[in-house]
Amino acid sequence: MPVSGELYERVANAPAVPQGLPLVILLTGFTDAGNAVSGLIDHLRDVSDPQPVIVFDNDLLLDYRARRPIVVFEQDHLTEFRPSRLELSLAHDTLGQQFLLLAGYEPDFAWNAFSEKILALAEEFGVSGVTWVHSIAMPVPHTRPISTTVSGNRKEITASLSVWRPRTQVPATAGHLLEYRFAEHGDRIVGFVLLVPHYLAETEYPDAVIAAADRVMGSTGIVLALDDLRESREEYLTKVNGQVAGNDELRQMVQTLEHRYDAYMAGRDPEDMDRYDEGGFDERDLPSADELAAELERYLATRPPGDEDKRPRP
């Protein structure tokens, strides 16, 4: 067990961590539209054989009343207690390449102490760079690729992938604080915000998980098997498209979102994201920074208190 006041314990007989691995950070809790982060955590735990090196102390970091553990009740007795998990693990991709994975719940408490510990561990292991992902609900159509807003100090990734660059204020997550501290420290850091269709934000959306995996692979060079996710994607989209086709209001909404999305993408100048080609695009067709923040607030307001990590099945 951790020493009193320590945020984590080192796992006995944990594998040795080589120097210079990439660090992937996936924290669930505050925003996880489309189940992107929690879905990718589940997928990586299935396919990348993560071996815990550091286990964080739930009693110090987790608000049990907000995110209660699961117990299994079998007729007349309890058979299992499933605590939440936040671990730093050594994992590997389909090619055998190793990487570090910090995955689990977003801490409710001690953010500053937590970020200090993560930076110290990253320095100890000499990580080559840091990648983290989260997702928010946005008025975009599911019939177009999931877009991304990119932050951090890897300008080449920002230039190629960041579709929407608002100037706004939104509630912070522990991931934001980690990014801020890593950047202050001069470490290579990139954060991806997936813009998930708002009408699918409360479902387990395979495209969101696939997009999260794609961003991680693109920034780290690791290779992940996604066949199972792509199979579930086809089944999921068949159900969604059937519902849209059978509802005039939904169909009109998706068509409107498609028009706005296509107008924006046609008007983007890849050489200058702050400039738009004349005549081909009306910025008024786009959600403003205020609308982005309002959509995020609306998404959060519709979720029951203390239900941060629960997602309905599609």
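**Figure 1. Phe 81 is an exposed residue of strand β5 in this predicted model.** At 53% relative accessibility, Phe 81 counts as exposed, because the threshold for that class is over 50%. The model shown here and in the following views is predicted. Phe 81 has its place in strand β5. Together with Val 71, Phe 73 and Leu 78, Phe 81 forms a nonpolar patch on the surface. The accessible area of these four side-by-side listed residues, Val 71, Phe 73, Leu 78 and Phe 81, is about 450 Å² together. At least two residues of the nonpolar patch come from β4 (70–74), and at least two from β5 (77–82).

**Figure 2. Strand β7 is mostly covered and pairs with β2 and β6****.** Of the 8 residues in strand β7 (residues 98–105), 7 are buried. Strand β2 (residues 22–28) runs parallel to β7 and is joined to it by 6 bridges. One of the residues concerned is Thr 28, whose bridge partner in β7 is Tyr 105. Strand β6 (residues 86–92) runs antiparallel to β7, with 7 bridges joining the two. Here His 92 has Gln 98 of β7 as its bridge partner.

**Figure 3. A hairpin connects β6 and β7****.** The two strands of the hairpin are separated by 5 residues. Within the turn, Gly 96 has a positive phi of about 90 degrees. The antiparallel pairing of β6 with β7 comprises 7 bridges, including the one between His 92 and Gln 98.

**Figure 4. A salt bridge links helices α6 and α7 through Asp 207 and Arg 233****.** The side chains of Asp 207 and Arg 233 meet at 2.3 Å, N to O. Asp 207 belongs to helix α6 (residues 206–220) and Arg 233 to helix α7 (residues 227–245), so the salt bridge ties together parts that are 26 residues apart in sequence. Asp 207 has a relative accessibility of 12% and therefore counts as buried, the limit for that class being under 20%. Arg 233, at 28% relative accessibility, counts as partly exposed.

**Figure 5. Glu 184 and Arg 181 form a salt bridge within helix α5****.** The closest N and O atoms of this pair are 2.9 Å apart. Both residues lie in helix α5 (residues 174–185), where Glu 184 and Arg 181 are 3 residues apart, or about one turn of the helix. Glu 184 counts as exposed, with 53% relative accessibility. Arg 181 counts as partly exposed, with 29% relative accessibility.

**Figure 6. Arg 251 and Asp 248 form a salt bridge within helix α8****.** In this pair the closest N and O atoms are 2.2 Å apart. Helix α8 (residues 248–267) holds both Arg 251 and Asp 248, which are 3 residues apart, about one turn of the helix. The relative accessible area of Arg 251 is 29%, which makes this residue partly exposed. Asp 248 is exposed, with a relative accessible area of 56%. Elsewhere, Arg 144, Glu 258 and Asp 262 are joined into one network by salt bridges that share partners. The structure holds 14 salt bridges, among them the pair Arg 251 and Asp 248.

How values were computed:
Residues are numbered from 1 along each chain as its sequence is written. This is a predicted model: local features need pLDDT of at least 70, side-chain atom pairs count only at pLDDT 80 or more; totals for chains, interfaces and linings use all residues. Side-chain values use heavy atoms; hydrogens and water are left out. Helices (H or I, at least four residues) and strands (E, at least two) are DSSP runs, numbered from the N terminus. Buried means under 20% relative accessible area, exposed over 50%, partly exposed in between (1.4 Å probe, protein chains only). Patches are made of residues with over 30% relative accessible area and no salt bridge: like charges are joined within 9 Å, nonpolar side chains (Val, Leu, Ile, Met, Phe, Trp, Tyr) within 5 Å. Accessible areas come from the Shrake-Rupley method with a 1.4 Å probe; for residues, only the protein chains shown count as cover. Two strands pair if DSSP finds at least two bridges between them.
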